[in-house]
Amino acid sequence: MAPPEAAPLAGRRKRKRRGAARGGAGGGMAAALLLLLLLLAAGPGPGRADAGQERRDALREELLLSPLPTGDVAATFQFRTRWDADLQRGSVSHYRLFPKALGRLVAALGVRELHLALTQGFWRTRYWGQPPLQAPAGAELWVWFQPTVTDVDKAWKELSNILSGIFCASLNFIDSTNTVIPTASFKPLGLANGTDHHLLRYAVLPREVVCTENLTPWKKLLPCGSKAGLAVLLKAERLFHSSYHSQAVHIRPICRDASCLAMSWELRQTLTVVFDFFSSGQGKKDWSLFKMFSRTLTDTCPLASQSKVYVDISPKTKEKELLEVSPPPTSVHEAVVQGDKKTYAVYDLLSPSLFNTSRSLNVQLKWKRPQDSSEMPIPTLHAQRYVAGYGLQTGEICTLIYNTHPYRAFPVILLETVPWYLRLYVHTLTIITKGKENKPSYIHYQPAQDRRRPHLLEMLIQLPANSVTKITIQFERALLKWTEYPPDPNHGFYVGSSVLSALVPSVTAMKDMDVEQSPLFTSLFPSSDGSSYFVRLYTEPLLVNLPTPDFSMPYNVICLTCTVVAVCYGSFYNLLTRTFHVEEPSRGGLAKRLANVIRKFRGVPPL
Amino acid sequence: MLPLLAPRTYLSENAMGSTMVGEGSDLGPRALALARDFGEHRRREGGIPVSWLSHTMFQLGLEVHSQPFARTLPFPDEAHERYLVRGTNVFGVLRAPRAASTEALLLLVPCCEGGKNEQAVGLLLALAGYCRGQIYWAKDLIFLVTEHDLLGTQAWLEGYHGVNLTAMQSGPFPGRAGAIQAALALELSSDVLTSVDVAVEGLDGQLPNLDLLNLFQSFCHKNGLLCTLQGKLPPPEGPSGPGYAQSLRTLGLMVLGQAGGAPGGPHGLFLRFRIEALTLRGINSFRQHKFDLGALGRTLEGMFRKLNNLLERLHQSYFLYLLPSLARFVSIGSYAPALGLLLLVLALRALELWMRLSRSEEGEGEPPVGEARGGLLYLVPPILISVGAGAALYLLPVRGQAVATQHFPVGEAEAVVLALIGIYVAGMALPHSTHRALSGGGQRGWMTLKLLALLALALLLTCLALLNFSLGFLLGVTLVPPAAAVRPGGNRLPLALLLVLTTPGLSLFMAVLLERELLEAPAGLGEAWQRFLGALGQGLLQEHLHGAHLSPLLCLGAYPCWLLLWNVLFWK
């Protein structure tokens, strides 16, 4: 399953040698070239020094460490492989950094954009703030197909099955009952000519459990595997000893340069973990790379053209310099991310000075004085969702959306996908803001069909400044057929997260940045102008109990029925159909005749 | 005989049974220190110290929320001395790592007036601190401290589930944690304990799944706690007279408690929302062997850890059972036939009357003069009057309290209870006055009326038997014999006496006496009367505060049925 690129340096050299031998004209020529290449590869900065064909793909990796307002620490890894080749033409046969498994998938199934996220846990936006990339609990997959694809549903089915194999996830459970076609929420993130939403498919599996088996294939897609560079930190036993774990793969076409005359393909692999230092450190909130990952950084991935560690040291309150990082960073980067001015300490792993003093890099952060912040910054947009009501007949899905911006109103698109076995009553849909009804300016509702497709509700709602909007819709719980219940039916049934997409007005003005030069975590979502930034937010998944029969009942019924049939029906049938007649004494068989002969001798009457 | 009727309890849930958990906490000293702090702050603030609790919970690493609520009672509650109630519930949520807040477990401590439950709050905080350091949680844990015990719990549950069942006013509900799978309520007022009493009966006689009780019992065994049910020690092992008597007393107390329909503790309100719940009460009596809070803390920790392992809601074991002791139960299959046979009496009586009625129709070709007139119209007045009396009994005491307090020198609560008794007794005089106004239907008249009364009673008791077995059983035992026997004419006095003795009101009085007897603290008539008056007031309040069904059932169901029988007795 591992693509050929996922091998350490030695392997790469061997492969390159092979490639050179194939490309060479004659024997002696080849030997000379080989020597040259070997010399080149042994030189400093091998990733950047490659010439010609190899220049066309590049790997940038970075790790963003950000202390969260609650004292937890979020670590976000981003690995970007960019390839200046056109995968769709089908002419590509030689893969270097870009994983072949995914590349061929994109080419074969006409995928234009692919976003897959596997998440264990729930990102608590209210307390942790906005993440660079959010994902719903469970598995999420959304794909834009090329306009050339004729049967999108078939390609979608095939794609989910292949991805299921690649990532060892239950993506093969994606079928028509949990796939929807959103009309407004999911726009292409990369280059796109048109946005005909019939080419889009979106599905969430909230019950999916993410574990090591999903992490290993994800790591194998990295050019250096987990042998060198930032990926050495990706050890499963630490990554899953955390409050939140989310890994994602994003593939999209992007502009090759500013003029945008040609297309490149970008693969972004991201992984976000939140470490809870409260439970492990007895209330001490100092942390280090070693404490988090039980490893330190020792070398760089030789294939990477950029390898950086960013530490968010922006002052949380007015007082500056609350925290202290060591060793001293190579540079300090200032940027406006999601409406906030942020300061990052940057460690460039490729700069030779970093590993000069010590053989390994262990970034440490110390709080100069203990945090006494019971008041936390509240993000501008956050949401909460729950099931109201009790009993097994009806219920109500309530979504609360908070806009805490002091003076700006902004619209938000809400996407709600509800399985068919919760029968939504659309006439009960109410949207209330500040005690008044709030009419959505756009509404798209597709009712469910039993056992075929889920409900899809998309709305564009204006959120007034400093307000809470409550959206409620009532539902009835369906009684399933008894074979349709999953194992553990009394656990309940999941309803996937609803998706909020919004352009949130920022407090600080953003200046235009060169997308190619800015850190990776800022550049997946396009920012339209300086005054607002894009936020996609997921609410909690819901667990709903449906009326569940007593499953020992069929067994009882079968036993009872069989007994009734056997005893009553059997004997009645016997009585009714039997004909009684007096049997004439016959001559009898051999035994009887024999017995009679003996009886005759004894002088008793024959039988 | 007993093993057959009341088998030993056993854990049915595999997720809790086979998995062993170790308990490592020693919370005793920490819990006591926190309890002292809490008590100090409460005395200083004169109520629940919201800010101290929030701050402490935040320091422990929980996500803290509070919910203010207010409630005006329909009439003053004399037992708890409250009328306008204002309070705040404080709760902290421990978010389970790598879980999406879809399931939760809950620990509840009601924080009531007068220095009670301080140690329980201390233990709750200590346990929260301990649990925060553990990594194995798969469900969120909610640590809730409610004010004004049941009122606060009701407000919190209504807020959490986004419904408004009673006239509770509460603020916005800030933090949720998905579907609550199980809840434990803790009441504890001393530093050391001799035993732990467990209460199971919930609102309207609902019971939690038997597995939750089994879980508690198994941990009591493991940690060497002495556990009691209904305040009764477990009966001695083996067949013995005293053992049976002890079991019978425990069973009797449970039946009375369940029939009353009042929640046996704060846990009782959870059952409506399908959250399995128990109340644990720490008891400190004059027994020699005492244990500290650490042992109870370990029990709670172990129970939460096992509940944390649950894959599904508790559903494997019995929901309908009676408990003669903590280790034995009577399943519905054993006790339901008894009530079924009782109800069969009513059905057979009704059938007999029906046959007699139809035979007299066929046999006497022409009805006697005076009976043909009006058809069944003569039945309308007694039925209307009985139902009307029931409705008056239900509505007037609470609605008319203002009028009563204006014209009579009584307080609101007294007015309500006295009006209740007055209307009840006045209803018994109705047959005489109605018969004076209307002439009856003769022989066929009373038979038809009795037939109707029997059918109504049978319907009522059958429904009750399904919803609240104990109530149905007690009403059946008292009402079925007179219902079967009652007839006009002849010597009315013994029948009248029997009917009066079995009227629901007097049955309630008898139940009060019997309960004191079973608790081995017999009450005199005067004390019983006081308790009876209190029970009437509380019964009415239960309906308004928690939506209990007992008072409407008795007023609109049992009382009119009884009045119909009373009418039959005095038929002319």
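Biologist: Is A:Asn438 buried or exposed?
Modeller: Buried: its relative accessible area is 11%, and the cut-off for that word is under 20%. Bear in mind that this is a predicted model.

Biologist: Where is A:Asn438 placed in chain A?
Modeller: You'll find A:Asn438 in a loop, with strand S19 (436-437) on one side and strand S20 (442-446) on the other.

Biologist: And what does the side chain of A:Asn438 make a polar contact with?
Modeller: One partner is the side chain of A:Thr433, at 2.9 Å. The Asn438 side chain of chain A also reaches a backbone oxygen, that of A:Gln462, at 2.9 Å.

Biologist: Which residues is A:Asn438 in contact with, leaving aside neighbours within four places in sequence?
Modeller: That list has A:Ile431, A:Thr433, A:Ile461, A:Gln462, A:Pro464 and A:Thr469. So the two polar partners, A:Thr433 and A:Gln462, turn up there too.

Biologist: Zooming out, how many helices and strands does chain A have?
Modeller: There are 13 helices and 26 strands. Chain A has 607 residues, and 50% of them count as buried. As for its contacts with a separation of 6 or more, 76% come from residues 24 or more positions apart.

Biologist: What about the accessible surface of chain A?
Modeller: About 28,800 Å², with 57% of that belonging to carbon and sulfur atoms.

Biologist: OK, switching to the interface. How many residues does the contact take from each chain?
Modeller: Chain B gives 33 and chain A gives 31. Together they bury about 2,700 Å², and carbon and sulfur atoms supply 54% of it.

Biologist: How many salt bridges are found across the interface?
Modeller: One. A:Asp276 pairs with B:Arg132, and their closest N and O atoms are 2.9 Å apart. Between the two chains there are also 15 residue pairs in polar contact, both residues at pLDDT 80 or more.

Biologist: Which elements of chain B give two or more residues to the side that touches chain A?
Modeller: Helix H4 (50-59) and strand S1 (63-77) of chain B. By class, that side of chain B has 14 nonpolar, 10 polar and nine charged residues.

Biologist: Back to H4(B), then. Which of its residues are buried?
Modeller: B:Trp52, B:Leu53, B:Ser54, B:Thr56 and B:Met57 are. The buried residues of H4(B) pack against several elements of chain B, among them helix H3 (28-45), S1 and helix H5 (118-132).

Biologist: And what phi does B:Gly61 take, just after H4(B)?
Modeller: A positive one, about 95 degrees.

Notes. Residues are numbered from 1 along each chain as its sequence is written. Chains are lettered from A and ligands numbered from 1 in the order in which they are written. This is a predicted model: local features need pLDDT of at least 70, side-chain atom pairs count only at pLDDT 80 or more; totals for chains, interfaces and linings use all residues. Side-chain values use heavy atoms; hydrogens and water are left out. Contact means heavy atoms within 4.5 Å. Buried area is the accessible area (1.4 Å probe) that two parts lose on being put together, summed over both. A salt bridge is a side-chain nitrogen of Lys or Arg within 4 Å of a carboxyl oxygen of Asp or Glu. A polar contact is a pair of N or O atoms within 3.5 Å; within protein, one must be able to donate a hydrogen and the other to accept it, and residues adjacent in sequence count only if both atoms are side-chain atoms. Helices (H or I, at least four residues) and strands (E, at least two) are DSSP runs, numbered from the N terminus. Ala, Val, Leu, Ile, Met, Phe, Trp, Tyr, Cys and Pro count as nonpolar, Asp, Glu, Lys and Arg as charged, and the others, Gly among them, as polar. Buried means under 20% relative accessible area, exposed over 50%, partly exposed in between (1.4 Å probe, protein chains only). Accessible areas come from the Shrake-Rupley method with a 1.4 Å probe; for residues, only the protein chains shown count as cover.
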